[in-house]
Amino acid sequence: MRCPNCGNLEDKVLESRTMVNGESIRRRRECLSCGYRFTSYERIDEKPFMVVKRDGRRQPFDRQKLEKGIERALEKRPVSTNMVEQFSNDIEDLAIKQGKEAREISTSQLGELVLEKLSTIDKVAYIRFASVYRHFETLDEFIDEVKNIEKRGKNE
């Protein structure tokens, strides 16, 4: 560790302490050249979980974006705020589990996870989300999706 006083790279650690949250270590050091004492912190540098867009761009996973989409789908539906939050937690956990190796998930996989969960909670919200997510352009596409969810409901 470079001494902030003289720039020397030789030092000794006087004391190490794990911080309260257990995610970092505080070290008191002393420069062997000038005797200056300083503190350094050591913590894990994790890569952010990424979402791969349809055009190939990558951006960090944004839980607020996920919640906003879910809230829009569930707007004016008989679903509590706590349920929306729990629903978002479940989707986030599933997404991270699914993309664990590469630390990323595609928007299509994420959208399918949301649709799968919405279909168990509220069919109207499912159709709302699907119409935006799947970019319905005709009334026939909308009707086909309604028929598909009706079939799934009867098969379950």
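Here is a quick tour of the core, the main pocket and one leucine in this structure. Keep in mind that the model is predicted. Two features get most of the attention: a largest nonpolar core of 26 residues and a largest pocket of about 680 Å³.

**The core**

- Inside the largest nonpolar core, the residues with the most contacts are I70, L74, I91, V114, L118, Y126 and F129.
- Four helices, α1 (63-73), α2 (81-98), α3 (107-121) and α4 (123-133), each chip in at least two residues of this core.
- The largest share comes from α4, with six residues.
- Take I91 as a sample: leaving aside neighbours within four places in sequence, I91 touches L66, L110, L113, V114 and K117.
- As a rule of thumb, nonpolar side chains in soluble globular proteins tend to be buried together.

**The pocket**

- The largest pocket is lined by 23 residues, and K53, K65, T107, F129 and Y133 are the closest to its centre.
- Strand β5 (58-60) and helices α1, α3 and α4 each give at least two residues to this lining.
- With seven residues, α1 supplies the largest share of the lining.
- By type, the lining splits into 11 nonpolar, five polar and seven charged residues.

**A closer look at L110**

- L110 sits in helix α3.
- L110 counts as buried because its relative accessibility is 12%, and the cut-off for buried is under 20%.
- Beyond neighbours within four places in sequence, L110 is in contact with V51, F61, I91, A95 and I105.
- S33 lies 77 residues from L110 in sequence, and their C-alpha atoms are 55 Å apart in space.

Definitions and conventions: Residues numbered from 1 in each chain as written. Predicted model: local features only at pLDDT ≥ 70, side-chain atom pairs only at ≥ 80, totals over all residues. Heavy atoms only, no water. Core = buried A, V, L, I, M, F, W, Y, C linked by side-chain atoms within 4.5 Å. Buried < 20%, exposed > 50% of the residue type's maximum accessible area, 1.4 Å probe, protein only. Contact = heavy atoms within 4.5 Å. 1 Å grid on protein atoms, 1.4 Å probe; cavity = no way out; pocket = protein on both sides within 12 Å on 5 of 7 lines; lining within 4 Å. Points joined across faces, edges and corners; volume = space filled by probe spheres on them. Nonpolar A, V, L, I, M, F, W, Y, C, P; charged D, E, K, R; others polar.
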